[in-house]
Amino acid sequence: MVRTQEFKTDYLVIGAGLIGSAIAMGLTKLGADRVMIVDLDLTGEWSSSELNAGGVRATWSQKVNLLTSKTSIEYFAKHASEVGYKDSGYLWLHRAGTFDQALKAREMHVANGWAVDVLDIPALRAKVPFIDKTDDLVGAIYGVKDGLVNPNRLKEHYREQALKKGAQFHHGVWVTEGVRHLSDAGGVTKVKAFQFSTQLSSEEKKKMLCEDPSTFVEGASVGQWIEIEAKNVVNAAGAWAPRLAKILGYASPSVPLRRQISLFQTRDVDLTNYGMIIDPSGVYFHPESIYGLSGFATPSERPGFNFQYDADSFFEEHIWPPLYERSTAFESLKHVSGWAGLYENSPDHHAIVGAVKTTSGASNIFEAHSFSGHGAMHSYAVGISLAELIVGGRYETLDLSELSGDRFVNGRAIANETWVI
């Protein structure tokens, strides 16, 4: 018989990916008690946290993003062996149309303590000899401490720190409905969810995440309904944040968008000692074990929950041609495999972080999502800063007010320069 179990907690984080786990760590570091984190799948098989490329960089054109990444990367460097951080750098190749913008942004980087080198073409070819087709380039920008992390190890690090201080992670939980704000109980929010007691298969999880989950839950026989009363609730549901926002009583303007990544093999160059390299075409690549990893944001992609990897057609149409035009060593490549994951894109392609105004006037709902592919690099700073806002009522480490979701209704959308991805 399916029964209902009740929980009471001070802090409920919905979504246990990189961001949700970082928030949990931030809350417990501040001494918060009764921190509960729920997710359909704690392994994150279909989450952006597990399917991203692992790049981290502070070479941004917006100060809030620069400082958020800088603070995070400095933390990664202190725990490098635990989170797999490597300061392998970000190398941005530029044509004439974007180089001036990059140089202007570099002034801000340097003023804020982030080392960025400027390379002319001879210096570029000396640094990366296999980039030998440079006629269309005017120079490059190199973020010295930008680099790579292992997203899975980073997520587990956040969780371990939170668990040490008493946080509780709950697997197999899918929030469905039944949210109400109890004014007579100090603004407590009650959430209704179904918790599966058996491990869902990979395809079952994907079906739930991509389709209407209500039918799936209604037909489930192995598990229990749960109700969670929480004094504070955080929407950290990634690509599913808009759906959760509706349940929590507000609207999110973000949409899920497929992004694809290819693994390739090259016999003519060893990429091991290089970091992230971004071509002016928008194609990026970096070493991944014995392979090269490359991705591209296809401009024609339509919003929606789509995990289909287009395999050879994606690699041959979008990845290989720009690489072929950039390096003799890339004229002969072997496509190995790849995958697709989801970005959660806000209208200006920057994160949404902060307190939420719900239709019921509740003041205990917070959000952190819509990182548009940049969650890993922002995760630590967002986790600790949002925790400060939730526990103490104000930001202290970094003021992330600029990332508040109300910017889209108040005409404060953040500019998005074309030279960054």
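## Exercises: a pocket and a sheet

In this predicted model, the second largest pocket has a volume of about 460 Å³.

**Exercise 1.** Work out which residues lie nearest the centre of the second largest pocket, and which elements help to line it.

*Solution.* Start with the lining, which counts 22 residues. Nearest the centre you will find Leu148, Val149, His286, Pro287 and Glu288. Next, look for elements that give two or more residues to this lining: they are α2 (48–51), α7 (151–164) and β14. Finally, sort the lining residues by character: eight are nonpolar, 10 are polar and four are charged.

**Exercise 2.** Find the order of the strands in the eight-stranded open sheet, and name the strands at its edges.

*Solution.* First, a reminder: strands of a sheet pair through backbone hydrogen bonds, either parallel or antiparallel. Now trace the sheet across: the order is β5-β6-β4-β13-β14-β15-β12-β16, with mixed pairing. The edges are β5 (116–119) and β16 (333–345), each of which pairs on one side only. From one strand to the next, the twist averages 20°.

**Exercise 3.** Describe how β12 pairs with β16, and state which strands helix α11 touches.

*Solution.* Begin with the pair: β12 (residues 255–266) runs antiparallel to β16, and 12 bridges link the two. To check one bridge, take Thr266 and look in β16 for its partner, Leu333. Then turn to helix α11 (residues 311–326), which packs on the sheet and touches β4, β12, β14 (284–288), β15 (291–296) and β16. The direction of α11 makes about 65° with that of β12.

Key
Residues are numbered from 1 along each chain as its sequence is written. This is a predicted model: local features need pLDDT of at least 70, side-chain atom pairs count only at pLDDT 80 or more; totals for chains, interfaces and linings use all residues. Side-chain values use heavy atoms; hydrogens and water are left out. Two strands pair if DSSP finds at least two bridges between them. Helices (H or I, at least four residues) and strands (E, at least two) are DSSP runs, numbered from the N terminus. Axes are lines fitted to C-alpha atoms, for helices over the stretch in contact, and angles run from 0 to 180 degrees between N-to-C directions. Contact means heavy atoms within 4.5 Å. On a 1 Å grid over the protein atoms alone, a cavity is a set of points where a 1.4 Å probe fits but cannot get out, and a pocket is an open set with protein on both sides within 12 Å along at least five of seven lines; lining residues have an atom within 4 Å of a point. Grid points are joined across faces, edges and corners, and a volume is the space filled by probe spheres set on the points. Ala, Val, Leu, Ile, Met, Phe, Trp, Tyr, Cys and Pro count as nonpolar, Asp, Glu, Lys and Arg as charged, and the others, Gly among them, as polar.
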